[in-house]
Amino acid sequence: MKIRPEQPGLRSLYRPVFDRALCIGCGDCASQCTFNEIRLDSRKDKKIPQATGKTCGACQRCAVFCPRGAIYIEKRPLTLHPHAIWNEAAVMHVHLQSASGAVPLTGFGAGTTIPTYWERILFNACQVTNPAIDPQREPMETITYLGRKPASLKKADGLKADQLLRLSLPLVFAPMSYGSINLRLQKAFAITARKKGILWYSGEGGLHEELNDYSDCAVLQIASGRFGVDPDYLTKARAYQIKIGQGAKPGIGGHLPGEKVLDGVSRTRMIPIGSDAISPAPQHDIYSIEDLRLLINAVKEASGYKPVCVKIAAVHNVASIATGVVHAGADMVYLDGYRAGTGATPVIVRDNVGIPTELALAAVDQRLRDEGIRHKASLVVAGGFSNSADVMKAIALGADAVAIGTAFLVSCGCYGCQRCQSGKCAWGLTTNDPVISKRLEVEWAVERLSNLIEAWHHEMKEVMGLNGIYDIGSFRGNRLLLRGVGLSAKELEILGIKHAGE
Amino acid sequence: MCGVAGLINLDKIRENGSRIKRAIVLQNERGNGLGAGYGVYGIYPGYEDLYAIHIMASSEDAVNQAALFIRRWFAVQKQEPIPVWDKVIIDHPYFQRFFVKPAHSSLLCYGKQESEDEYVLKKMMQMNKEVHGAYAFSSGKDMGVFKGVGTPTDIYDFFMLDNYQGHSWLAHNRFPTNTPGWWGGAHPFNALDWSIIHNGEISSYGINRRYLESQGYYCHLQTDSEVIAYLFDLLIRRHGLSIREAASVLAPPYWATVERMADREEKESQQLLKIIYEQAMLNGPFAVLAAFSGGMFSLTDNTKLRPMTVAIQDNYTYFASEVSALYEMQEDLRQVVTPRAGEPVVALYRDNLEPREGEVA
């Protein structure tokens, strides 16, 4: 076979550009880059960085760390004959598959042009007849309790508030497993969750012994791979989550490439080093709703009646599925929508399966109300929340709390290069490499995460206050606070909101 | 902005509406002529055990449809037009009242007996949903709501309230802000025994309404205040809460206050109320005056963004938005009280002084 300088499809779409006038030749950029995009040419006492154009994914690590600000990332021009279907993404995807014969994996959530409803929904505000409340001067409360609640006081039957899960604001850390992210990042999540009075979800990778101290604010997951589940695991959490599906890959199980399975992960997950941890698509003891009920009851009995959450992906018939899940005994339904992120998923699944979070949430909340069982389970939603306004829109549509994943990764440095599955994350987030993962300092991450939560909390109170609402409970499910813009009658009907001007 | 006034005689001595009229007319500045109404308890002696259903209808045909509906589901003892003086307001709906009890056989359903109250409430909701152009706006026993579009004087004269004798009176003067002024949208709002008048705007209406709808209450009157009447019916009649508990559901203490409570029992019960009834909590400014067969009480939001004053003298308790209106009802008042934010003031009839647990007369 003739050797080509570059196999079609294996070039990178981006490259670093160096300002030669500013560059001092320290070579730090090359050592920051974990993907070997930057080559150093030595000239006299200087190291001259050169882009290889093979692997850059625009993670920005070199640009941020360049001491002289001499680097920026540019998109490499790829001029194609214009075509409605054979655009850059399509051509490159076919080239990549032709070169590898494999199913391309990716990280992150779907970035397709499927409508994002949040951007077509607007809030109300007080004018004249009811006063807006200034959150800087007046009390504004966001305390939220999750779990199964009685329909009336008479039916409370000795229930105490502390049997439920208390959140100081309706945010939680979305499940990201140890393995998909490293222990330092998960520890930062756990510390921040405790500090801010919220919960962190473990994901399916088990609980590393170093995090035992943070199990009282943890929701530990039981997924189809059953990684890390043993009798001890089943007693120490604040609550448990049974994972049925995931928004970034509905219908398939978790993927942890063998590259990321190193010593700690191997011990915690109880699997050999270097083996791919591919969770089965279904839970093999749940082939029906009555099987789910058995597992929920089993987890409750084993754990001493801790709340049990069931995580499902937003798919076409999600409202009926959620109803079944609540009838099966779930105390919380975790609804993971189309744009939900992941550490590794086939591109084709991420981009083509499931339905938008907004529509799923609206449909599930309404169906549970119609069936008179809304109080029996709290609704935690996830999938595509990049700012606090969207969080509040979800609360107004009916969510009890919103789970944040990607935004918290971004908070710790991520710029969204979507190569979480590679195990080479230059920011030290989605890698278990003992050297690279040291790039993440736990204290620094805790501070950044706390800042982000604090900032969003302020903004959430602002949105409540300008609607004349001092308690998040009156915001929750209050769809009259929302109006749609440019949405069809059908979309408005499903969302249960009016059009702007109505 | 709206005006409210109420008076109650704790010994159930009855009087006509002339005093309450003076109190509400004095507060004319608080309304704009697009709605006023009165609620009276103890007005139908001889019919005390029957539900008095007041309906308004947009046409004679709608009256007939409503009558057919009521006759299908109830045993009707008396049906008559509500007397009106139509020289005051020429363009008005048709008014009709029915004295009924549930048709006995319809209460039985496969051996499960529904309470009469529950049955009446359901049928009223069903009628308002199904019978086009007709609304039942009052359905309690021995009481009645009279309301419409006009000034308090117009509505008082239109229904000729000089001719009714009651032992508790509510009066409301409306300045509609979030919905158009129409006859059904005037206050008081009624559900069975409960009548409420409201000054304010409920920012939590969207979720209060969705909560009530999931409990079988349909909000068809296009105005936020109606949810309060249904919430009282739900919380007190159906869920068996005391007035104090219901008041702290609607205007709860802040979480910060609850979590500081020293008394463990009080703290736990307050936490539970807040958690279970989160969707029934009212946000936004409100001053509410509620009447029922056991008495009358006032409630404001817990930052008191709408006024409420109370006077207690002899066997009377008076309520009004403005102190001056209290003096219109009785000149020589000695004790005028301004309740604190979120603090209910409850006046119960003496023959009802066996209140449920946790209540103070």
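Is Asp157(A) buried or exposed? Asp157(A) counts as exposed because it has 6 C-beta neighbours inside 10 Å; the cut-offs are 20 or more other C-beta atoms within 10 Å for buried, 12 or fewer for exposed, and partly exposed in between, with C-beta atoms placed from the backbone.

A word on the ground rules: this is a predicted model, in which local features need pLDDT of at least 70 and side-chain atom pairs count only at pLDDT 80 or more, while totals for chains, interfaces and linings use all residues. Residues are numbered from 1 along each chain as its sequence is written, and chains are lettered from A in the order in which they are written.

Asp157(A) has company in chain A: here are two non-glycine residues with positive phi. The loops are named by their flanking elements (DSSP runs numbered from the N terminus: helices are H or I of at least four residues, strands are E of at least two).

| Residue | Phi | Loop in chain A |
|---|---|---|
| Asp157(A) | near 55° | between strand E7 (144–146) and strand E8 (165–167) |
| Met270(A) | near 60° | between helix H6 (263–269) and strand E14 (277–278) |

Met270(A) has 13 C-beta neighbours inside 10 Å and so counts as partly exposed.

Over in chain B, the peptide bond between His187(B) and Pro188(B) is cis, with omega about 0°. Pro188(B) sits in the loop between strand E10 (168–173) and strand E11 (189–191) of chain B.

Now to where the chains meet: 33 residues of chain A are in contact with 29 residues of chain B (C-beta atoms, placed from the backbone, within 7 Å). On the chain B side, H10(B) gives the most, with 6 residues.

Notes. Two residues are in contact if their C-beta atoms, placed from the backbone, lie within 7 Å.
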